[in-house]
Amino acid sequence: MDMSLQPAEPTLGEVFIANRPQLQRVAQKIVRTADLADEVLQDAYLKLADGAAVRDVRKPLGYCCQVVRNVAFDYHRHHSVEASYRTYCEDVELVSPPSNDAPERVLDGRQALAAIDRVLDALPARTRTAFELNRLSGMTQREIGVRLGCSATLVNFMIKDADAALESCRYLVQGG
Amino acid sequence: MAPMTKDKDQDPVWQAAWTWVRHQHAQRGSLDDAARDDEFMQWLAADPLHRKAYDEAARLWLLVGLVPPANDVPPPDDAPDPIAGR
């Protein structure tokens with residue numbers, strides 16, 4: 001057998017497809033219905049390449065889970081807010097209709113991710129670590145402090161710094 | 001040096017929108033409650049610009065979550081399956 005024909009590593013898309021049942025569970029745990037989980041998976045699959053173009057993905061399955069989890073959370077957030085908003089508008093008899101914006105992205109995702117990556121990279125390395133542990137791992141500031149060997153107060157400052165830096169990225173998502 | 005921060009980034013509406021999105025992420029275990037929050041609904045319905053800023057902030061927050069990590073960070077505790085070593 002000619003070993004040279006074997007690809008060195010599966011692509012992100014291949015990892016995604018090979019682990020689809022697990023990713024489906026990740027999504028469904030957040031959005032609750034199988035139909036929505038399917039939508040999340042389709043959307044997430046299309047977004048994989050954007051992230052991979054920005055930075056080396058060291059843990060392909062971990063990254064697939066990250067994308068699915070975050071897209072699922074965004075769907076869930078969108079649906080929760082729209083449902084509450086509709087009820088609220090009925091209660092206070094507002095005429096303004098709820099937004100029908102599907103959670104689809106209009107801008108060039110790759111460029112936006114690259115810009116965000118540059119903003120995060122301009123922060124001190126430990127600040128970015130603290131932010132990633134908070135944003136991606138869902139760790140509390142206290143847990144992050146223990147992991148990084150610093151106080152929760154310092155972690156709080158670091159996350160605020162990262163937040164403030166990202167807050168300046170509105171231009172990436174500003175429509176109309 | 002040209003200022004990095006444009007005037008519109010100082011917009012209090014944008015700052016409020018960003019704060020709501022951050023708050024909702026922190027409350028993601030009970031998001032339905034966070035979304036029903038009366039103060040949030042009042043703010044959201046008060047002005048179409050609030051709505052627009054909120055949608056933009058939510059979009060930015062999602063994008064931030066799609067950047068591959070620079071560090072070896074663990075998956076969240078509530079992930080259904082262990083994915084260690086991959």
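In chain A of this predicted model, seven residues of domain 1 are in contact with six residues of domain 2, two residues being in contact if their C-beta atoms, placed from the backbone, lie within 7 Å. Domain 1 covers 9–102 and domain 2 covers 105–176, with bounds that come from an automatic or database domain assignment. Taken over C-alpha atoms, the two domain centres in chain A are 20 Å apart. On the domain 1 side of chain A, helix α3 (residues 34–54) provides the largest share of the residues that touch domain 2, namely five. By class, that side of domain 1 of chain A splits into two nonpolar, two polar and three charged residues; here Ala, Val, Leu, Ile, Met, Phe, Trp, Tyr, Cys and Pro count as nonpolar, Asp, Glu, Lys and Arg as charged, and the others, Gly among them, as polar. A word on conventions: residues are numbered from 1 along each chain as its sequence is written, while chains are lettered from A and ligands numbered from 1 in the order in which they are written. As the model is predicted, local features need pLDDT of at least 70 and side-chain atom pairs count only at pLDDT 80 or more, whereas totals for chains, interfaces and linings use all residues.

Both chains are built from helices without strands: chain A has eight helices and zero strands, and chain B has four helices and zero strands. These elements are DSSP runs numbered from the N terminus, with helices being H or I of at least four residues and strands E of at least two. Of the 176 residues in chain A, 36% are buried, and of the 86 residues in chain B, 35% are. Buried stands for 20 or more other C-beta atoms within 10 Å of a residue's own, exposed for 12 or fewer, and partly exposed for anything in between, with C-beta atoms placed from the backbone. Among contacts in chain A with a separation of 6 or more, 64% join residues 24 or more positions apart.

Now for the meeting of the two chains. The contact draws on 56 residues from chain A and 44 residues from chain B. On the chain B side, α1 (12–26), α2 (31–36), α3 (38–46) and α4 each give two or more residues, and α4(B) makes the largest share with eleven. That side of chain B comprises 25 nonpolar, five polar and 14 charged residues.

One piece of this contact is the pairing of α5(A) with α4(B), whose axes come within 9 Å and cross at roughly 75°. The axes are lines fitted to C-alpha atoms, for helices over the stretch in contact, and angles run from 0 to 180 degrees between N-to-C directions. The crossing makes α5(A) roughly perpendicular to α4(B), a label for angles of 65 to 115 degrees, with those under 35 called roughly parallel, those over 145 roughly antiparallel and the rest oblique. At this crossing, A112(A), L113(A) and I116(A) of α5(A) meet L63(B), V64(B) and L66(B) of α4(B). The α5(A)–α4(B) contact thus has six nonpolar, no polar and no charged residues.

Helix α6 (residues 125–135) of chain A is mostly covered, with nine of its eleven residues buried. Among those buried are T127(A), R128(A), F131(A) and L133(A). The cover over the buried residues of α6(A) includes α5 (109–121), α7 (141–148) and α8 (152–167) of chain A, along with α4 (48–66) of chain B.

The largest nonpolar core, a set of buried Ala, Val, Leu, Ile, Met, Phe, Trp, Tyr and Cys residues joined through C-beta atoms within 7 Å, has 63 residues. The residues with the most contacts inside this core are A27(A), V40(A), C64(A), V68(A), A72(A) and A57(B). Helix α4 (residues 60–91) of chain A gives the most to this core, twelve residues, and domain 1 and domain 2 of chain A each supply at least three. Leaving aside residues up to four places away in sequence, A27(A) touches A37(A), V40(A), L41(A), V68(A) and A72(A).

Two residues outside the buried class round off the picture. V13(B), in helix α1 of chain B, is partly exposed, with 17 other C-beta atoms within 10 Å. Beyond residues up to four places away in sequence, V13(B) touches L49(B), H50(B) and A53(B). I17(A), in helix α1 (residues 12–18) of chain A, counts as partly exposed because there are 13 C-beta neighbours inside 10 Å.
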